[in-house]
Amino acid sequence: MAKQTDTLTIRDEEIIVEVKNVDHRTLKFFVKNPRVYSIVRETAEEPSQEHIEEKMKEMDHVADLVKRIRRHGGLIEALVVRKDTLEVIEGNSRLAAYRILFQENPAKWQKVKCHFLPENIKASQISSLLSEYHLKGKKGWKPFEDAGFLYRRKYEEKVSIPDLVEESGLSKSKVEHLIETYKFMVDNKDTHASRWSYYDVYLKPKKIKKMREEYPTFDTVVVQMIKNEEFSEARELRDKLPMICDGPKKNLEKFLDGKIEFSAAVSHVAENKDGINGQKHLNKFRTWIAQPKRLDALTASNGEIRKKVLFEVRSIHDCLTKLRAKLEKPS
């Protein structure tokens, strides 16, 4: 019988693939697949095939796949397999689902449909194929998986940012943020997928970035809090840490030095929120009015405008006189 073939188009190159049903037990999970990688590579050790299978079988989406495959009586879309290594480049979740179904009925679920990539396939073509399936296609990975994939493409495969933008279909700023965040996790030895959202929101705000640059211990303190799971959820970090950054520097410094807890630092800012906001408005007004060109422009006004300016100045003077008297009273 003649070989059955099909084609895949990767970066404008038509790749001929062999189509056949094989015993799924001969196939291997692809360790570098972002979904597999994010599940089993939280430690530096190379995971075994048995460990990968065990972890994949625990995933909710694999349980859903089992139901769908059982309902259809097989795969709608074939696994994509590297011929020389028998690694499943695309379809690792489906392979895990087949392993579960095989335990129920070995005779029915022994063989699975595969597209075999040629032995001379390049690593860059495999990465481009995964990008097409998951970054541009409908089978989206989670952001942590996207980030890990792009990070490895940049630092291990030396792919440029412009090429990653074109390949992924994401904006340049999005690609850079994903890579920066994943790199930050790697640098801080914390690549747990469950903590992605914390680092994601930590590295976004400009006011946090400014404080990170000003205080060398800032990252150390916050990263340790994330590792210790001291934030109830990522939203708490996103909403409350900028409050501390926006508040009095002494309060921030006490928090970074470990003299007060995170909750106490947040409470201090919340209790003094109106005063802090008022001080900022006064500072902006003082900076604005103190500019020589501003004074010249106001004093040069004529007619009705001059009268209105004078009225506002007197009103402000009265308010400030009362405010000063109250502020100078012993508290």
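At 39% relative accessibility, L320 counts as partly exposed in this predicted model. The residue is found in helix α17. L320 also belongs to a nonpolar surface patch of about 620 Å². The other members of the patch are L282, F285, W288, I316, L323 and L327. Two elements, α15 (273-289) and α17 (303-328), each give two or more residues to this patch. Helix α17 gives the most, with four residues.

The loop between α16 (292-299) and α17 holds S301. S301 has a relative accessibility of 11%. The cut-off for a buried residue is under 20%, so S301 counts as buried. A polar atom of the S301 side chain lies 2.6 Å from the backbone oxygen of L298. Leaving aside residues up to four places away in sequence, S301 touches R306 and V309.

A second loop residue, G247, lies between α12 (234-246) and α13 (249-256). G247 is buried as well, with a relative accessible area of 15%. Along the chain, G247 and V269 are 22 residues apart. In space, their C-alpha atoms are separated by 5.7 Å.

The strands were examined next. Six of them form an open sheet. Their order is β1-β2-β6-β4-β5-β3, and the pairing is mixed. Strands β1 (4-10) and β3 (28-29) stand at the edges. Each has a single partner strand, so one side of each is left without a neighbour in the sheet. For β3, pairing with β5 (residues 87-90) is parallel and runs over two bridges. Within this pairing, F29 has V88 of β5 as its bridge partner.

Strand β4 (residues 79-82) is covered on both faces. L79 and V81 are buried on one side, and V80 and R82 are buried on the other. With β6 (residues 111-117), β4 pairs in the parallel sense over four bridges. Here L79 has C114 of β6 as its bridge partner. With β5, β4 runs antiparallel, and two bridges join the strands. In that pairing, V81 has V88 of β5 as its bridge partner. V88 is thus a bridge partner both of V81 and of F29. The hairpin of β4 and β5 has four residues between the strands. One residue of this hairpin, L86, takes a positive phi near 60°.

Charged pairs were also surveyed. A search of the whole structure finds 21 salt bridges. One of them links R82 and D84 through their side chains, at 3.0 Å from N to O. R82 is among the buried residues of β4, whereas D84 is partly exposed, with a relative accessible area of 38%.

In helix α2 (residues 49-57), the side chains of K57 and E53 meet in a salt bridge of 2.8 Å, N to O. The two residues are four apart, about one turn of the helix. K57 is partly exposed, with a relative accessible area of 24%.

A further salt bridge joins R235 to E233, with the closest N and O atoms 3.1 Å apart. R235 counts as partly exposed at 46% relative accessibility. E233 is partly exposed too, at 34%. Finally, E18, K20 and K83 are linked in a network of salt bridges.

Definitions and conventions
Residues are numbered from 1 along each chain as its sequence is written. This is a predicted model: local features need pLDDT of at least 70, side-chain atom pairs count only at pLDDT 80 or more; totals for chains, interfaces and linings use all residues. Side-chain values use heavy atoms; hydrogens and water are left out. Two strands pair if DSSP finds at least two bridges between them. Patches are made of residues with over 30% relative accessible area and no salt bridge: like charges are joined within 9 Å, nonpolar side chains (Val, Leu, Ile, Met, Phe, Trp, Tyr) within 5 Å. Accessible areas come from the Shrake-Rupley method with a 1.4 Å probe; for residues, only the protein chains shown count as cover. A salt bridge is a side-chain nitrogen of Lys or Arg within 4 Å of a carboxyl oxygen of Asp or Glu. Buried means under 20% relative accessible area, exposed over 50%, partly exposed in between (1.4 Å probe, protein chains only). A polar contact is a pair of N or O atoms within 3.5 Å; within protein, one must be able to donate a hydrogen and the other to accept it, and residues adjacent in sequence count only if both atoms are side-chain atoms. Contact means heavy atoms within 4.5 Å.
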